[in-house]
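Biologist: Before we discuss particular residues, could we look at the chain together?

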Amino acid sequence: MTMSNTGGRRRPPTIHDVAREAGVSRGTVSRVLNGGHYVSPSAAEAVNAAIHRTGYVVNRHARSLITGRSDSVGFLLTEPQERFFEDPNFNVLLRGCTQALAAHDIPLLLMIAGTQAERRRIVRYIAAGHVDGVLLVSSHSGDPVAEELRAAGVPLVACGKPIGLGSKTSYVAADDRDGARDMVRHLLSLGRRRVGVVTGPLDTPGGVERLAGYKEVLAEAGIGIDERLIVSGDYSRASGEAGAERLLAGAPDMDAVFVASDLMAQGVLTALHRAGRRVPQDVAVGGFDDSPAAVSTSPGLTTIRQPWDRISSEMVRVLLAQVGGEDPATVILPTELVKRESA
């Protein structure tokens with residue numbers, strides 16, 4: 001690192017320093033920094049070694065003026081701020097996306113938009129080019145964010161299949177319907193026949209698909225749909241507790257319950273305990289996610305594992321491909337039944 005003429009402080013290395021150290025032109029260094037196109041493997045190796053030796057760090061502002069890109073990605077959660085701190089899935093997903101982007105030296109900007117005013121403000125910010133693309137999480141039906149960003153030409157990948165946006169929006173999702181089918185089949189295999197369900201929000205893909213899987217398996221088993229055994233929640237613990245109370249009031253003979261998230265299942269277990277119902281002896285309970293909430297319950301929660309690491313990495317891969325000019329893509333990932341003590 002070279003010395004400046006102001007008080008003997010060391011100035012940061014420049015692209016010229018890297019070029020001199022590598023024995024190549026400044027243009028070659030620039031091409032390596034912008035993807036390595038039209039650069040021989042030996043020259044690229046020399047440049048990368050020089051970057052390491054000099055400690056050179058890319059000036060993102062200067063590069064963005066040349067490329068027209070911000071070299072950053074937005075993680076947009078369209079939920080109230082308190083949900084981000086309550087639901088462990090959001091933190092797991094954020095961490096995974098951050099790590100996947102770090103491999104490309106791209107920072108992730110967290111944005112939370114729980115109100116219409118916040119959504120309008122953030123859409124304006126994104127459409128102005130402050131990020132190169134958006135990882136959209138928890139988009140409800142009727143939420144205009146995805147459509148507005150797509151209309152503005154912003155590369156976008158949703159977590160879960162967006163409702164009502166057709167095939168032009170990229171998304172990565174676990175197979176919600178198949179996971180629900182696996183759980184309900186497991187509950188029936190235990191000899192349970194009065195299986196209730198606490199759904200997720202029915203304006204979200206997970207809510208719709210997991211309820212559909214529940215109904216399909218009951219139909220396969222020749223068990224009629226009893227609307228008293230179906231209640232909806234919003235993925236919060238409080239809604240799971242309230243849902244279990246409604247199920248017990250409407251169908252006191254319920255002997256199992258499929259809960260569409262582990263966090264809601266925590267609330268269900270609380271309500272069952274308060275009502276004097278033993279788990280799993282009186283009521284078997286199955287959740288969905290295999291989040292940290294599943295292993296903090298008593299008894300341990302039988303659940304459906306979503307492959308969060310793969311979901312995160314695939315969302316990043318698909319988004320960066322779009323930023324690079326590729327067409328939208330869809331990725332559906334398998335789930336896994338995880339058996340513990342609750343069922």
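Modeller: Helices of at least four residues and strands of at least two are taken from DSSP runs and numbered from the N terminus. Please keep in mind that this is a predicted model.

Biologist: Between which two strands does the loop with Thr-302 lie?

Modeller: One of the flanking strands covers 284-286 and the other covers 303-305. The loop that holds Thr-302 therefore lies, under the DSSP numbering from the N terminus, between β9 and β10.

Biologist: Is Thr-302 buried or exposed?

Modeller: A residue is called buried when its relative accessible area is under 20%. Because the relative accessible area of Thr-302 is 0%, this residue is buried.

Biologist: Which residue has its backbone oxygen 2.9 Å from a polar atom of the side chain of Thr-302?

Modeller: Leaving aside neighbours within four places in sequence, Thr-302 is in contact with several residues, including Met-183, His-186, Leu-337 and Ala-343. The backbone oxygen that lies 2.9 Å from a polar atom of the Thr-302 side chain belongs to Ala-343.

Biologist: Is Ile-163, in the loop between β4 and β5, buried or partly exposed?

Modeller: Ile-163 forms a nonpolar surface patch with Leu-202 and Val-208, and together they have about 220 Å² of accessible area. Since the relative accessible area of Ile-163 is 33%, this residue is partly exposed.

Biologist: What pLDDT does the chain average?

Modeller: Of the residues, 90% score at least 70. Over residues 1-8, however, the pLDDT is below 50, although this stretch has twelve contacts in the model beyond near neighbours in sequence. For the chain, the average pLDDT is 87.

Technical notes
Residues numbered from 1 in each chain as written. Predicted model: local features only at pLDDT ≥ 70, side-chain atom pairs only at ≥ 80, totals over all residues. Heavy atoms only, no water. Buried < 20%, exposed > 50% of the residue type's maximum accessible area, 1.4 Å probe, protein only. Contact = heavy atoms within 4.5 Å. Polar contact = N/O pair within 3.5 Å; in protein donor to acceptor, adjacent residues only side chain to side chain. Patch = residues over 30% accessible without salt bridge, like charges linked within 9 Å, V, L, I, M, F, W, Y side chains within 5 Å. Areas by Shrake-Rupley, 256 points an atom, 1.4 Å probe, with all protein chains shown as cover. Salt bridge = Lys/Arg side-chain N within 4 Å of Asp/Glu carboxyl O. pLDDT = per-residue confidence, 0-100.
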